[in-house]
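Welcome! Let us take a friendly walk through this structure together, starting with its cysteines and moving on from there.

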Amino acid sequence: MPHDPHNAVSNEPEDVTVSLAPEQEAVLQPPSEGAQGEVLHGTGEGLEPVEGYRRPEGFPPEAWTAPTVALPDIGEASFGPPPSAQKTVHGPDDRVQITNTAVYPWRVHCYLLITARDNTLYQGTGWLVGPHTVATAGHCVYIKGSGVAGRDGWVKSIQVMPGRNGSVLPYGSVTCTSFRSVVGWTDDGDDNFDYGAIVTPSNIGSTTGWFGFGVWSDSDLLKTTGNIAGYPGDKPPGTLWYAARGVDSVTARKVYYDIDTAGGQSGSSVYRIDNGNRYGFAIHAYGGARVNSGTRFTTPVYNNYVAWKA
């Protein structure tokens, strides 16, 4: 049997190819706005309606400011500290803090407090895709290649805090111990397959709502505005920040963009707004000198999340 890096560790059926055709019609899972609370609607430009926010274009790069964090980014557990010259804010830092985190879509984003097998603590970001399921990066749920005895493997637990705003937890905190990923990450450590999920013991998503997700062609993604909200470690602990810019480039399994991020945002949704609905098209996972990147929703990724959606 051929090795398929998209094989889910929970023994989901094989899917041996990246089957997205260049001009394939979009395949979608629908979002939900939840049963309670206020709902915000996106703008006609595909942006979130954040007062005073303007999508920047064409800014030259500037020096990256090293973050000061209460907890290290979960990415450091697998990859070590980021290189000193790495830049994840490209051009002027246009991130805007979101303080009304109890409204949709902000309440879908989750702060992750991650306890590794050796009891070290890290932070990350996730986003609800169903009543019981949080999408995130593979390296948020499975630590690979740390070089530290007793640290590698599935993390011990994750505290999921939807819509956290500093010390305020509008939907509380859920302790989770059930995780999903694929062998392309857990066995191979291949960044093209760095995606995973958290299964929550309560149906918190029925209250907060969730994002849809979908598969789009290269040409469609290249004209798409990408939105990212998450919990960057260079901002006050546990605060939610938002930015948006166009997609820079795509490959078969990744999407590249210069949307500003920082360590701590591993696992954030890279999403678009279509007809007022939010759909993730990538899972943010890596910073870079010119652009940042996320794992693309291809057909196998989409199929795994459909199987994990509960």
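The sulfur of Cys110 lies 8.8 Å from the closest cysteine sulfur, that of Cys176, which is too far for a bond. A disulfide is a pair of cysteine sulfur atoms within 2.5 Å, and the structure holds zero of them. Cys110 itself counts as buried, at 0% relative accessibility. Cys140 is buried too, with a relative accessible area of 0%. Here, buried means under 20% relative accessible area, exposed means over 50%, and partly exposed is in between, with a 1.4 Å probe and protein chains only.

A word on what you are looking at: this is a predicted model, in which local features need pLDDT of at least 70 and side-chain atom pairs count only at pLDDT 80 or more, while totals for chains, interfaces and linings use all residues. Residues are numbered from 1 along each chain as its sequence is written, and side-chain values use heavy atoms, with hydrogens and water left out.

Now turn to strand E16, residues 269-274. Five of its six residues are buried, so the strand is largely enclosed by the rest of the structure. The names of such elements come from DSSP runs, numbered from the N terminus: helices (H or I) have at least four residues and strands (E) at least two. Which strands pair with E16? One is E13 (residues 225-230), which pairs with E16 in the antiparallel sense over two bridges. Another is E17 (residues 277-286), which runs antiparallel to E16 and is joined to it by six bridges. For two strands to count as paired, DSSP must find at least two bridges between them. Val270 is a good place to see both pairings: Val270 in E16 is the bridge partner of Ile228, and Ala282 in E17 is the bridge partner of Val270.

E16 and E17 form a hairpin with two residues between them. In that turn sits Asn275, which has a positive phi of about 50 degrees although it is not a glycine. Is Asn275 buried or exposed? At 81% relative accessibility, it counts as exposed. Asn119 also has a positive phi, near 70 degrees, and is found in the loop between E3 and strand E4 (121-128). Another backbone feature to look for is the cis peptide bond that joins Tyr104 and Pro105, with omega about 20 degrees. Pro105 lies in the loop between E2 and strand E3 (109-115). These features catch the eye because most residues other than glycine have a negative phi, and most peptide bonds are trans.

Next comes the interior. The largest nonpolar core has 76 residues, and Trp106, Trp127, Ile158, Ile198, Tyr242 and Tyr305 touch the most other members. A nonpolar core is a set of buried Ala, Val, Leu, Ile, Met, Phe, Trp, Tyr and Cys residues joined through side-chain atoms within 4.5 Å. Leaving aside residues up to four places away in sequence, Tyr305 touches partners including Ala135, Tyr195, Phe213, Ile283 and Phe297. Contact means heavy atoms within 4.5 Å. Tyr305 is one of the buried residues of helix H6, among them Pro300, Val301 and Trp308. Seven of the ten residues of H6 (residues 299-308) are buried, so this helix is largely enclosed by the rest of the structure. Trp308 also appears among the contacts of Thr133, which include Trp127 and Ile198 when residues up to four places away in sequence are not counted. Thr133 lies in strand E5 (residues 133-136) and is buried, with a relative accessible area of 0%.

Finally, follow the charged side chains. The structure holds twelve salt bridges, each a side-chain nitrogen of Lys or Arg within 4 Å of a carboxyl oxygen of Asp or Glu. In one of them, Asp94 and Arg245 have their closest N and O atoms 2.7 Å apart. Asp94 lies in the loop between helix H1 (75-79) and strand E2 (96-98) and Arg245 in strand E14 (residues 240-250), so the pair ties together parts that are 151 residues apart in sequence. Asp94 counts as buried at 13% relative accessibility, as does Arg245 at 3%.

Helix H5 offers two more examples. Arg296 forms a salt bridge with Asp218, with the closest N and O atoms 2.8 Å apart. This pair links Arg296 in strand E18 (residues 292-296) with Asp218 in helix H5 (residues 218-221), 78 residues apart. The other brings us back to E16: Arg272 forms a salt bridge with Asp220, and their closest N and O atoms are 3.2 Å apart. Arg272 lies in strand E16 and Asp220 in helix H5, so the pair ties together parts that are 52 residues apart in sequence.
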